[in-house]
Amino acid sequence: MARSTRSRGAASQPNAVTAAAQQVSVWEDDPEPGIQVTRPLPDPSKQPLAYRFPAKAPAPGGQPGTAGFRYWTAAEALRRGADFWAPLLPSGNWEVGARLPVLLDEGVDLNAYYDRRALNFFHGPAPAGTVFSGESPDIVCHEMGHAILDAIKPQLWGAASHEAAAFHVSFGDISAILSALQLQSLRSAILRDTGGHLYQSSRLSRLAEQLGTAIRAQHPDAVNPDCLRNAVNSFTYQDPINLPQMAPAAQLSSEPHSFSRVFTGAFFEALAGSQEMGDILVAGARQAPVVSNFYAQVAAAMVQASASKNPGYPPVLKGVFVRRSILSLQAATTVEALHQSVAAAAIAPAAAAGPTDALDTVALPAAHYGLDQPLLVESPSHPRRLYAVSAAADASSVDPASSITAARAFVDDLFRRGRVEYNGIGRPEARLEHGHRLRTHELVSEDGAVRLRRRLFDCGLQHR
């Protein structure tokens, strides 16, 4: 569809054919602002963290609205994002192997998702024409973020936990933000537009504006007024077990894309005070045990990891996490001392096991889901090493739920939102059907029981 565009960056050289052949014009961050930049021609197959596009690469030089332009915008954003994260993944491999397939147009849907087989993108109707989710660097780098975190912390994939699922979405949004910051042109524009105060609503904080516009046309309260999600927000931690399972975008719910905004907001606020937040975030995700209050565990681990980068970082991070209630006052003021005590104790490997271990499988009663057999799920059950808890509205510490309670609440919400594909399992008259909703999980038969298995992480169209 036709769009008005502005250009920024190195101009092409019409008389220098060789130089022009090594450059490609792409969107800077999202199609809706309509700002193009000229970038080096990317190599999707470059190692580490290589991609595989099924179709042959089109010739560079396509105009906005063409398949060629969409291809190179996606390829450039994905390559730039992977190059940023690659130093933090020593293996150089995705969870699916050396090359991650990218499927740029899988049909009609206002959506995109990562399903451990590929990055999947779609097209759908919008007020100004057709939206292609794979044309937005914000969206492709978000979905790539799911794949990056899956390679860093694969235990999160199947964890029956509100906070683990929401952190996955938050990591995707953070991936989009950090990948965008690799562009000098965007960094300069954001500093100019915000007067050097990064923690303001801007093109950097506003994610997937075009897709947000398309969704808003059908469901006005499903997304933010000016984008899909905004990293500049005022949401603070609440125990997701006690939140509604769905809510308008202006409110917080336990739905992963809604609840993700608490952690994303804290990260973006801290980003203004630290230039090494990507490293710190990955270190925190690696070290955090997968338990019911996963946000607090990641936050505490980030505080610990930040000290090795700069002694000024821990106070900044603790201040942000306390303001967001992700860490309680007591947890924030003791996390570093507890970390030193644990290190001094030289705990044996067996006792210290946790963050990289498999999660326990538990059997939940499942008659209320329409099943005649127990439902097997992976509970957030790693051992807890440190006192890391969030805060309630009155500043008191929130006691974390048990792994079984957290798993049951998460699965209840999945069924209530219609996110589970029965696959013919259970009594037909007792199944819960929700029309043509995208199913993130499915049921599979296993050894006289039924297992809940994750299919994918989607882009966040929680209204569907």
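**Buried cysteines and the nonpolar core**

Cys227 is buried, with a relative accessible area of 0%. Cys141 is likewise buried, at a relative accessible area of 1%. Both values come from a predicted model. The structure holds zero disulfides. A disulfide would require two cysteine sulfur atoms within 2.5 Å.

Burial extends well past these two cysteines. Of the 464 residues in the chain, 56% count as buried. The exposed surface of the chain amounts to about 18,000 Å². Carbon and sulfur atoms supply 53% of that area.

In soluble globular proteins, nonpolar side chains tend to be buried together. Here, the largest nonpolar core contains 123 residues. Phe167 and Leu375 have the most contacts inside this core. Helix H4, spanning residues 162–180, contributes the largest share of the core, with ten residues.

The surroundings of Phe167 were examined with its neighbours within four places in sequence left aside. On that basis, Phe167 is in contact with Leu149 and Leu156. Phe263, Leu281 and Ala285 are also among its contacts. Phe294, Tyr295 and Val298 complete the list.

At the level of the whole chain, the secondary structure consists of 13 helices and 17 strands. Contacts with a separation of 6 or more were also considered. Of these, 66% join residues 24 or more positions apart.

Notes:
Residues numbered from 1 in each chain as written. Predicted model: local features only at pLDDT ≥ 70, side-chain atom pairs only at ≥ 80, totals over all residues. Heavy atoms only, no water. Core = buried A, V, L, I, M, F, W, Y, C linked by side-chain atoms within 4.5 Å. Buried < 20%, exposed > 50% of the residue type's maximum accessible area, 1.4 Å probe, protein only. Helix = DSSP H or I, 4+ residues; strand = E, 2+ residues; numbered from the N terminus. Contact = heavy atoms within 4.5 Å. Areas by Shrake-Rupley, 256 points an atom, 1.4 Å probe, with all protein chains shown as cover.
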